[in-house]
Amino acid sequence: MPTYTLYYFNGRGRAEVLRMMFAAANVKYMDKRFEFNEWDKYRKDMPSMCVPVLEMDGGNKMPETMAIPRYLAREFGFYGKSNMDMMRCDYIADCFYEIMHDYMRYFHEKNGRFRSSMEGSGNGMNSPTGASGDMNSNSNFDTYLQWRFMNTCNRVLPFLERTLEMQNGGKAFFMGDQMMWCDMMCHCALEGPFMENQSMLSKHPKLMALRTRIASHPKISGYLKSRSNTNW
Ligand SMILES: N[C@@H](CCC(=O)N[C@@H](CS)C(=O)NCC(=O)O)C(=O)O
């Protein structure tokens, strides 16, 4: 087994599904967290200047939120067996990632994070708002990102609810009796949005019950109790 180091901010965000997978597989890893004011120090060492990044054996650093869990799912057995199982697991996880990605963009923009890097990256590219620190443009952009996040939820959640229900009436997990990485994505992608709005799953009772089932899974409940508490 390689030695793994996971680099991310001191938050759940895009890294939480990876931490959950390590916990579910009972595999040790170094959880390297940093604060926003330390980001400049780490950014240049990250292959695409973004996190999460997974480093293996102190050498190869691998980026991308969705490439890393696919790799870990194959290593740890959280993917299903056939090519079709993996396809199903992938599209479910990718749908949850649409929600996670749109929420993260909205959440960070709302909290004013990364604006300075957008404005001062010196890469010759303008931000989508054309903003250079203009607060009006930023607040329009916030509103657009909030709309986009809600639109994605309205589009994707009914599909995921139906997909879950098709598997034994939605009484177990997305892929059957075993918890797979797409189930862990369900828990993690909806955690931030759910903390903001407890009724977001009121029209999706199967997904709501699935999140509870994952949280009480023997491999996950201990992790959730012992993990560091962060507000995102
Ligand atoms: N395509 C990347 C995007 C990752 C991403 O945007 N990460 C954020 C943190 S949640 C980041 O590193 N932001 C730093 C910055 O924009 O300078 C992925 O899916 O992993």
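Begin with the open sheet of this predicted model: its 4 strands are arranged in the order β2-β1-β3-β4, and their pairing is mixed. Strands of a sheet pair through backbone hydrogen bonds, either parallel or antiparallel.

Next, select residues 30-34 and then 61-63. These are β2 and β4, the edge strands of the sheet, and each of them pairs on one side only. With the sheet still in view, follow the turn from one strand to the next; the twist averages 25°.

Keep β4 selected and add residues 53-56, which form strand β3. In which direction do β3 and β4 run relative to one another, parallel or antiparallel? They run antiparallel, and 3 bridges join them. To see one pair of bridge partners, display Glu55 together with Lys61, its partner in β4.

Now leave the sheet and turn to two helices. Two packed helices are described by the angle between their axes and the distance between the axes. Select residues 16-25, helix α1, and residues 218-226, helix α10; their axes come within 8 Å and cross at roughly 125°. Because angles of 65 to 115 degrees count as roughly perpendicular and those over 145 as roughly antiparallel, α1 is oblique to α10. The crossing of these two helices, α1 and α10, is right-handed.

Finally, display the side chains at this crossing. Which residues make the contact? On α1, select Met20, Ala23 and Ala24; on α10, select Lys219, Ile220 and Tyr223. Coloured by residue class, the contact of α1 with α10 shows 5 nonpolar residues, no polar residues and 1 charged residue.

Definitions and conventions. Residues are numbered from 1 along each chain as its sequence is written. This is a predicted model: local features need pLDDT of at least 70, side-chain atom pairs count only at pLDDT 80 or more; totals for chains, interfaces and linings use all residues. Axes are lines fitted to C-alpha atoms, for helices over the stretch in contact, and angles run from 0 to 180 degrees between N-to-C directions. Angles under 35 degrees count as roughly parallel, over 145 as roughly antiparallel, 65 to 115 as roughly perpendicular and the rest as oblique. A crossing is left-handed if the near helix is turned anticlockwise from the far one by less than a right angle, and right-handed if clockwise. Two residues are in contact if their C-beta atoms, placed from the backbone, lie within 7 Å. Ala, Val, Leu, Ile, Met, Phe, Trp, Tyr, Cys and Pro count as nonpolar, Asp, Glu, Lys and Arg as charged, and the others, Gly among them, as polar. Two strands pair if DSSP finds at least two bridges between them.
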